Amino acid sequence: MVDVSRRSAGVLCQSRDLLDGGKGIRFTVRHQGKALPAFLIRYRGRPHAYLNQCAHQSVELDWNEGDFFDREGELLICATHGARYCPETGACAGGRCNGRGLVRLEVVETGSQVCLAERDGVHLLDVETQGQPSR
Ligand code: FES
């Protein structure tokens, strides 16, 4: 069961809870007037966030909640048909995304927290507490 809690000021997680190449944090944003699923991962030391929508079909990418990386921990992978995306940019890295990338969300890491940059019609609605990093 997913425990969903509302956070304030765009805070997605504590920095220590977002491990490099590990599980992602799932959250919901209001984006262009719609409530949409999104996720946050850390790759090579930096946090990155995207809408959780594959460019092939509009489905969530993770194969288990919060699992976005491939086995090697180098690319994001869609569980449905295996499209791969660059963790640093969201660009298509092969498969059925056919050159289309993920929709990137701006995040900032300040002090001990990772926060969504809430502007340009993007606002944080909820953060799931399940799917915390485990590796
Ligand atoms: S839905 Fe993601 S690769 Fe087809």
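Start with the largest nonpolar core, which has 31 residues. A nonpolar core here is a set of buried Ala, Val, Leu, Ile, Met, Phe, Trp, Tyr and Cys residues joined through C-beta atoms within 7 Å. Select Leu12, Ile25, Phe27, Ala38, Phe39 and Leu40, the residues with the most contacts inside this core. At least two core residues each come from strand 2 (11-14), strand 3 (25-31), strand 4 (34-43), strand 5 (46-51), strand 6 (76-77), strand 11 (113-116) and strand 12 (122-128). Strand 4 gives the most, with four residues.

This is a predicted model, in which local features need pLDDT of at least 70 and side-chain atom pairs count only at pLDDT 80 or more, while totals for chains, interfaces and linings use all residues. Residues are numbered from 1 along each chain as its sequence is written.

**Whole chain**

Zoom out to the full chain, which has zero helices and twelve strands. Helices (H or I, at least four residues) and strands (E, at least two) are DSSP runs, numbered from the N terminus. Of the 135 residues, 33% count as buried. Buried means that 20 or more other C-beta atoms lie within 10 Å of the residue's own; exposed means 12 or fewer, and partly exposed lies in between, with C-beta atoms placed from the backbone. Of the contacts in the chain with a separation of 6 or more, 55% are between residues 24 or more positions apart. Two residues are in contact if their C-beta atoms, placed from the backbone, lie within 7 Å.

**Leucine 40**

Return to leucine 40 and show its neighbours. Not counting residues up to four places away in sequence, leucine 40 touches Leu12, Cys13, Leu18, Gly24, Ile25, Phe27, Pro47, Ala49, Val107 and Val114.

**The hairpin of strands 4 and 5**

Next select strand 4 and strand 5, which pair in the antiparallel sense over six bridges. Strands count as paired if DSSP finds at least two bridges between them. The two strands form a hairpin with two residues between them, and arginine 44 in the turn has a positive phi of about 50°. Tyrosine 43 stands opposite arginine 46 in strand 5.

Glycine 45 is found in the loop between these strands. Glycine 45 is exposed, with 7 other C-beta atoms within 10 Å. Draw a distance from its C-alpha atom to that of leucine 19, 26 residues apart along the chain: the separation is 8.5 Å.

Strand 5 itself is mostly covered, with five of its six residues buried. Strand 5 also pairs with strand 9 (residues 104-105), in the antiparallel sense over two bridges. Look there for tyrosine 50, whose bridge partner in strand 9 is arginine 104.

**The three-stranded sheet**

Now select strands 2, 11 and 10, which form an open antiparallel sheet in the order 2-11-10. Strand 2 and strand 10 (107-110) stand at the edges with a single partner strand each, so one side of each is left without a neighbour in the sheet. The twist averages 20° from one strand to the next. Four bridges join strand 10 to strand 11; one pair to display is threonine 110 with its bridge partner in strand 11, glutamine 113.

**Cysteine 78**

Finish at cysteine 78, in the loop between strand 6 and strand 7 (84-85). Cysteine 78 is buried, with 24 other C-beta atoms within 10 Å. Leaving aside neighbours within four places in sequence, cysteine 78 is in contact with Cys54, His56, Leu61 and Ala83. Of these, leucine 61 is 17 residues apart from cysteine 78 in sequence and 4.3 Å apart in space, C-alpha to C-alpha.

Methods:
Axes are lines fitted to C-alpha atoms, for helices over the stretch in contact, and angles run from 0 to 180 degrees between N-to-C directions.
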